[in-house]
Amino acid sequence: MRPVFREDTPVDTRGNKILFKHYRDAAPILKDRLGKYCSYCELKFPQTHVEHIQPKSLEPQLENAWNNFLLACPMCNGIKNDSNINSSNLNDFFWPEKDNTFIPFVYEKDRAPQICSQLSDNLKAIAERTLLLTGLDREPTHPKFNIRTDERWHERNTAWGKAERAKFNLQRHPTNAMREQIIDTATSTGFWSIWMTVFQDDVDMRRRLIEAFPGTCSSSFDADTQPISRPGGQI
Ligand SMILES: [Zn+2]
C-alpha cells in the first residue's frame with residue numbers, strides 16, 4: 001500500500017483554509033495531490049471517489065474535514081463502507097496518509113497482498129485488520145471474492161505482467177528513454193507497490209517511481225529507496 005502525503009488543508013487565493021461545503025468538492029484537489037489511484041488497493045480508476053477514513057455516517061462532524069479524506073475505488077469503498085472506525089480505534093489499522101504502509105504488506109505475483117512475516121505480532125494484527133477492512137486479501141479462492149464486481153485481482157495481475165515486461169525490456173535496452181517510457185506506463189497503469197516490488201533491485205527506477213506517482217510520501221524511504229519508519233506513524 002503506497003504511503004501518501006496529502007499535505008495540509010488547501011487554501012484559497014487569500015491564503016485562508018478552504019471550508020468544503022460538500023466533500024465531493026475536495027475530489028479535484030485530492031486527485032491532483034495523490035493521483036487518480038485508490039489509496040488502499042492502488043487501482044487507477046476513473047471513478048475514484050472521496051473516501052472518509054472515519055465514515056461520515058458515524059462521524060458526521062468529519063464529513064467535510066480535509067484530514068478525514070483519502071481516495072478510494074468503489075470496491076474498497078464499498079467493502080469498508082460503514083466499518084466502525086472512530087478516533088478511539090484508528091490505531092487498530094494502518095493508514096496510508098499516516099503510516100509507512102509499504103512496510104507491512106508484501107506483493108507477490110498471482111497473490112493478493114500478504115502480510116510481511118517480519119512484523120511483530122502486534123503489527124501483524126494491525127496489518128490483518130487493515131487487509132480485512134477493504135478486502136485487499138480477496139483473491140479467487142477467498143469465500144467473499146466476487147468475480148463479477150471485484151476488478152482488483154485482474155487489474156493487479158495485469159500490472160504485474162506489464163512491470164515484468166518492462167523490466168525485461170529495460171535489460172535489453174538500458175536507456176534513459178526506456179526508463180522514462182516505463183514510468184509513463186507505470187503511472188498510467190497504477191499499482192505503485194507492484195512496480196516498486198518488481199524493480200526492487202533498481203534504485204534508480206524506484207526513485208523515479210516515488211517521484212512520479214503524485215503524493216507518494218518520499219520521507220518514508222531512505223536514499224536507497226528502502227522503506228523507513230514514518231514519523232508519527234505506527235510503522
Ligand atoms: Zn481500491
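Here is a short chat about the zinc site and an aromatic pair in this predicted model.

Modeller: Ground rules: this is a predicted model, where local features need pLDDT of at least 70, side-chain atom pairs count only at pLDDT 80 or more, and totals for chains, interfaces and linings use all residues. Residues are numbered from 1 along each chain as its sequence is written, and side-chain values use heavy atoms, with hydrogens and water left out.

Colleague: What makes C38, C41, C73 and C76 donors of the zinc ion?

Modeller: Donors are N, O and S atoms within 2.8 Å of the metal (3.2 Å for Na, K and Ca); water is not among the atoms, so sites may look incomplete. The SG atoms of these four cysteines sit at 2.3 to 2.4 Å, so they count as donors.

Colleague: Why is the arrangement around the zinc ion called tetrahedral?

Modeller: Four donors count as tetrahedral if all angles lie between 85 and 135 degrees. Here the angles are 106 to 115°, so the label fits.

Colleague: How do you know that C38 and C76 are buried?

Modeller: Buried means under 20% relative accessible area (1.4 Å probe, protein chains only), and both C38 and C76 are in that class.

Colleague: Why is the F20 and W66 pair called stacked?

Modeller: Rings of Phe, Tyr and Trp (its six-membered ring) pair if their centres lie within 6.5 Å, and planes under 30 degrees apart count as stacked, over 60 as edge-to-face and the rest as tilted. The centres of F20 and W66 are 6.0 Å apart and the planes are at 25°, so this pair is stacked. F20 and W66 are also buried, and they form one aromatic cluster with F69.

Notes:
Buried < 20%, exposed > 50% of the residue type's maximum accessible area, 1.4 Å probe, protein only. Tetrahedral: all angles 85-135°; square planar, octahedral: opposite > 155°, others 65-115°.
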